[in-house]
Amino acid sequence: MLLLTMLSCKQNHYDVVIVGGTPGGIMTAISAARMGQTALLLERTSHIGGLPANGLGATDIATRGATTGLFLEFVNNIKQKYTEKYGADSQQLRDCSDGYHFEPSMAQEVFDEMIAACGRRIKVRTMRQFDALAENVTKTGQQIVSIRVLDRKDGTMEEYFGKVFIDATYEGDLGAAAGVPFRTRREGRSEHNEPVGGRMYQFWRGPIEECSTFEGDNTIQAYNYRLCLTSDKDNQIAFRKPETYNREEYLSLVDDVLYGYNTNPNSQFVTNAERKANMEAILAGGKTQIDGDPWGVDKLTNMVRLPNGKNDANNQHLAFISTDLPEENWEWPTASWEWRDAFAKRLRDYTEGLFWFASHDEALPKSFREAVMQWGYAADEYTDNDNFPRQVYVREGRRFEGMYFFTANDAIIDPSTGKAPLHKNSITASHYNLDSHAHHKREPYRVHLDGFLTYDTPVYNVPYGVIVPKEVTNLLLPVPVSGTHIGFSTLRMEPCWMALGQAAGVAATLSIRNQTTVQDVDISTLQDELLKQKVTLVYMPGHSPEDTNFITLQKEALK
């Protein structure tokens with residue numbers, strides 16, 4: 001019995017212990033394993049892959065080639081799989097957009113294969129729940145010794161020992177339990193001189209309204225599910241009516257459809273006479289006549305085409321009511337899993353109810369309902385979950401206060417240089433707009449939902465300090481990174497998270513090899529290794545990691 005106990009204890013020791021089977025966590029495990037470390041990947045659900053394996057198939061990256069390394073390897077693997085499976089001249093290959101657009105099941109398959117290629121160096125354990133309680137983290141001073149997780153299959157607790165620990169959760173549960181300070185509130189504009197901070201209203205990509213106060217508050221942006229929809233009747237599951245269906249929640253959609261209300265800047269110029277004429281045309285069997293007004297299922301969701309006739313269906317940015325559910329998610333970042341599971345069920349019921357209402361309620365015009373009814377859930381996705389995504393799109397959880405605190409100003413143009421600020425300790429280049437979804441539900445006489453915004457950025461780079469806590473010496477935070485609400489709003493895209501995960505795996509390895517804290521990892525050594533792994537630290541148009549002088553150019557750019 002003693003021997004069995006000792007063997008069991010030994011098996012629970014790993015070089016790198018990662019909480020969260022998100023893409024950021026997966027890339028941490030792969031980069032550490034490729035450098036010779038053993039990595040344990042703990043995932044609460046029965047599937048790894050995070051949002052790309054749960055509907056986010058239209059990759060959020062504004063400049064392709066800005067983020068490379070393992071992220072680009074993932075993209076290239078996606079493209080290769082579609083080529084092998086369907087052929088070089090196939091529609092599926094064209095629709096995968098060079099590997100940047102993919103079905104949820106394809107993302108799952110590629111992640112699994114990349115992990116499997118690392119052999120025994122990566123151990124994946126699913127259905128393992130980490131609760132953000134201090135009692136689940138054993139520390140000696142500021143060093144984590146072990147963590148305790150719940151095996152959701154049999155209800156037992158397990159203890160895992162590691163040399164470096166990684167919080168790759170969307171929520172930041174491990175960092176919080178380890179005592180790292182964090183934020184969940186929305187900062188006001190003046191706090192960090194961010195151009196779009198705090199409470200504000202604007203037409204989508206339009207002018208900011210005078211009623212905006214730019215004040216901070218204790219709110220977070222809305223979550224939703226990234227649905228996988230199709231109009232292919234041979235691979236379609238019809239929209240369902242949930243048991244908790246509440247018709248009253250969706251009634252505002254009726255006037256939005258009839259009168260063409262939306263958040264497009266052009267809406268401010270539509271006259272009452274034009275809206276009345278629009279209603280009459282629709283009731284006569286037509287569709288909306290108002291410029292820029294989405295129709296049918298597009299009124300509910302913004303869709304991007306994926307291979308095999310599927311679509312990544314996100315919240316419709318031009319809508320007052322869509323798949324986002326603002327306000328009700330505010331507790332999520334610091335809530336228990338019991339609360340989160342209840343909200344996830346509530347969000348699913350709300351979402352399914354929205355599509356049921358839009359396709360069946362006779363208060364809506366027949367022409368609109370028929371247009372919505374052309375669509376349904378993809379029958380061959382999420383077959384173990386009634387064809388519905390398994391995970392909520394958690395756009396923002398805890399944001400930690402690390403060695404570097406990333407704000408909007410790190411991702412926008414510095415007037416003195418005409419570029420984003422250069423971080424000499426960069427661990428990746430990245431590019432996406434400052435991007436936040438709504439913080440509040442629909443309010444009377446507002447042109448859009450509070451906090452729903454996008455703000456252009458150039459390509460920027462991300463400093464090592466955003467993933468490093470100030471005090472805990474063997475913990476890295478590549479997903480719940482350090483930054484303001486607006487700063488985080490661009491870092492939170494999966495390509496960036498994958499790149500930060502890769503950097504975390506390398507940093508963890510260097511910390512272990514050199515017996516240093518994660519705070520004292522040598523930046524030049526870290527960057528040298530990332531460059532060997534084809535990571536772009538400073539984006540230069542026209543150059544790629546395949547260039548023979550790539551590393552030399554990158555080092556010059558960092559100077």
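**Notebook: side-chain contacts in a predicted model**

I began with charges placed over rings, and noted that the charged end of R446 sits over the ring of Y201, 4.8 Å from its centre. I record here that the model is a predicted one. A second case of this kind involves R340, which lies over the face of W337, at 4.5 Å from the ring centre.

**Entry on R340**

I then followed R340 to its acidic partner. Its side chain meets that of D173 in a salt bridge, with 2.8 Å from N to O. R340 belongs to helix α10 (residues 337-360) and D173 to helix α6 (residues 173-177), so this pair ties together parts that are 167 residues apart in sequence. I looked up the accessibility of both ends. R340 counts as buried because its relative accessibility is 0%. D173 has a relative accessible area of 3%, and therefore it is buried too.

**Entry on other salt bridges**

I ran the search over the whole structure, and it returned 43 salt bridges. I took up K310 and E381 next, whose side chains meet in a salt bridge of 2.8 Å, N to O. K310 lies in strand β12 (residues 310-315), while E381 lies in the loop between β13 (376-378) and β14 (399-400), so the pair ties together parts that are 71 residues apart in sequence. I found K310 and E381 both buried.

I also examined K534, which forms a salt bridge with E546; the closest N and O atoms are 3.3 Å apart. K534 is in the loop between α14 (523-532) and α15 (550-558), and E546 is in the loop between α14 and α15, so the parts tied together are 12 residues apart in sequence. Are the ends of this pair buried or exposed? For K534 the relative accessible area is 39%, so I entered it as partly exposed. E546 counts as exposed, because its relative accessibility is 58%.

I finally noted a network of salt bridges, in which R183, R185, E187, E191, E396, R399 and E401 are linked.

**Entry on aromatic rings**

I searched the whole structure for aromatic pairs and obtained 22. In one of them, F239 and Y377, the ring centres are 5.3 Å apart and the planes stand at 90°, so I classed the pair as edge-to-face. This pair links distant parts of the chain: F239 is in the loop between β10 (236-237) and α8 (252-259), and Y377 is in strand β13, 138 residues apart. I found F239 buried, and Y377 likewise.

I next inspected Y250 and Y350. Their ring centres are 5.6 Å apart and their planes at 40°, so the pair is tilted. Y250 is in the loop between β10 and α8 and Y350 is in helix α10, so the pair ties together parts that are 100 residues apart in sequence. Y250 has a relative accessible area of 1%, so I entered it as buried. Y350 has a relative accessible area of 5%, so it is buried as well.

I recorded a cluster in which ring pairs link Y223, W332, W337, W339 and F343. Within this cluster, W337 is the ring over whose face R340 lies.

**Entry on cysteines**

How many disulfides does a search of the whole structure find? I obtained 0. I nevertheless looked up two cysteines. C118 counts as buried, because its relative accessibility is 15%. C211, at 31% relative accessibility, therefore counts as partly exposed.

**Entry on backbone angles**

I looked for positive phi values outside glycine. S97 is such a residue, with phi near 50°. I placed S97 in the loop between α4 (91-95) and α5 (104-116). Q515 is not a glycine either, yet it has a positive phi of about 55°. I placed Q515 in the loop between α13 (494-514) and α14. Q515 has a relative accessible area of 74%, so it is exposed.

**Entry on confidence**

I checked the predictor's confidence last. The protein chain averages a pLDDT of 96, and 98% of the residues score at least 70. Over residues 1-10, however, the pLDDT is below 50, and I found that this stretch has 0 contacts in the model beyond near neighbours in sequence.

Key. Residues are numbered from 1 along each chain as its sequence is written. This is a predicted model: local features need pLDDT of at least 70, side-chain atom pairs count only at pLDDT 80 or more; totals for chains, interfaces and linings use all residues. Side-chain values use heavy atoms; hydrogens and water are left out. A salt bridge is a side-chain nitrogen of Lys or Arg within 4 Å of a carboxyl oxygen of Asp or Glu. Helices (H or I, at least four residues) and strands (E, at least two) are DSSP runs, numbered from the N terminus. Buried means under 20% relative accessible area, exposed over 50%, partly exposed in between (1.4 Å probe, protein chains only). pLDDT is the predictor's confidence in each residue, from 0 to 100. Contact means heavy atoms within 4.5 Å. Rings of Phe, Tyr and Trp (its six-membered ring) pair if their centres lie within 6.5 Å; planes under 30 degrees apart count as stacked, over 60 as edge-to-face and the rest as tilted. A charge sits over a ring if NZ of Lys or CZ of Arg is within 6 Å of the ring centre and within 35 degrees of the ring normal. A disulfide is a pair of cysteine sulfur atoms within 2.5 Å.
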